[in-house]
Amino acid sequence: SHAIAILRLADSDELNCPCTSLFMVDLAGSERVARSGVQVGTAAFQEAASVNTSLSALGRVVLALLEGQDRKGTFIPYNSSHLTAVLKQGLGGNSRTC
């Protein structure tokens with residue numbers, strides 16, 4: 001499974017000030033179900049399928065962001081998985097990725 005830690009820093013004196021967010025993400029590797037030996041219908045199979053789905057969704061978001069750099073109004077499919085929805089603030093806009 002994936003691990004995400006989000007550190008948010010804000011000025012404590014102001015209520016409506018913009019905050020800075022640092023996303024630290026550890027992505028699980030994609031699973032080849034046939035090679036891993038997990039049985040269909042087990043919890044391990046469901047987790048492997050879920051990891052593959054979220055990694056595919058993240059790939060689609062990154063590709064849409066790259067293709068839409070020069071065009072306004074490009075649809076970015078952030079809501080296609082929980083992973084991309086959580087990382088939305090750290091992927092688009094004026095964010096930097098290292």
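Accessible areas were computed by the Shrake-Rupley method with a 1.4 Å probe. On this basis, the protein exposes about 7500 Å², and carbon and sulfur atoms supply 53% of that surface. The structure analysed is a predicted model.

The protein contains 2 strands and 4 helices. Along the sequence these elements follow the order β-β-α-α-α-α, with both strands preceding the helices. The overall dimensions depart from those of a compact globule: for 98 residues such a globule would have a radius of gyration near 13 Å, whereas the protein has a value of 17 Å. Taken along the principal axes, the C-alpha atoms fill a box of roughly 55 × 35 × 20 Å.

With regard to packing, 21% of the 98 residues count as buried. Of the contacts formed between residues at least 6 apart in sequence, 41% join residues at least 24 apart. As for charge, the protein carries 8 positive and 8 negative charges, and the mean positions of the two sets are separated by 11 Å.

At the level of individual residues, Gly 59 is located in helix α2, which spans residues 43–67. The relative accessible area of Gly 59 is 40%; this residue is therefore classed as partly exposed, because the value falls between the 20% limit for buried residues and the 50% limit for exposed ones. Gly 59 is separated from Ala 49 by 10 residues in sequence, and the C-alpha atoms of Gly 59 and Ala 49 lie 15 Å apart in space.

Technical notes. Residues are numbered from 1 along each chain as its sequence is written. This is a predicted model: local features need pLDDT of at least 70, side-chain atom pairs count only at pLDDT 80 or more; totals for chains, interfaces and linings use all residues. Side-chain values use heavy atoms; hydrogens and water are left out. The radius of gyration is taken over C-alpha atoms; the globule rule is 2.2 Å times the number of residues to the power 0.38. Buried means under 20% relative accessible area, exposed over 50%, partly exposed in between (1.4 Å probe, protein chains only). Contact means heavy atoms within 4.5 Å. Lys and Arg count as positive and Asp and Glu as negative; His and the chain ends are not counted. The place of a charge is taken as NZ of Lys, CZ of Arg, CG of Asp or CD of Glu.
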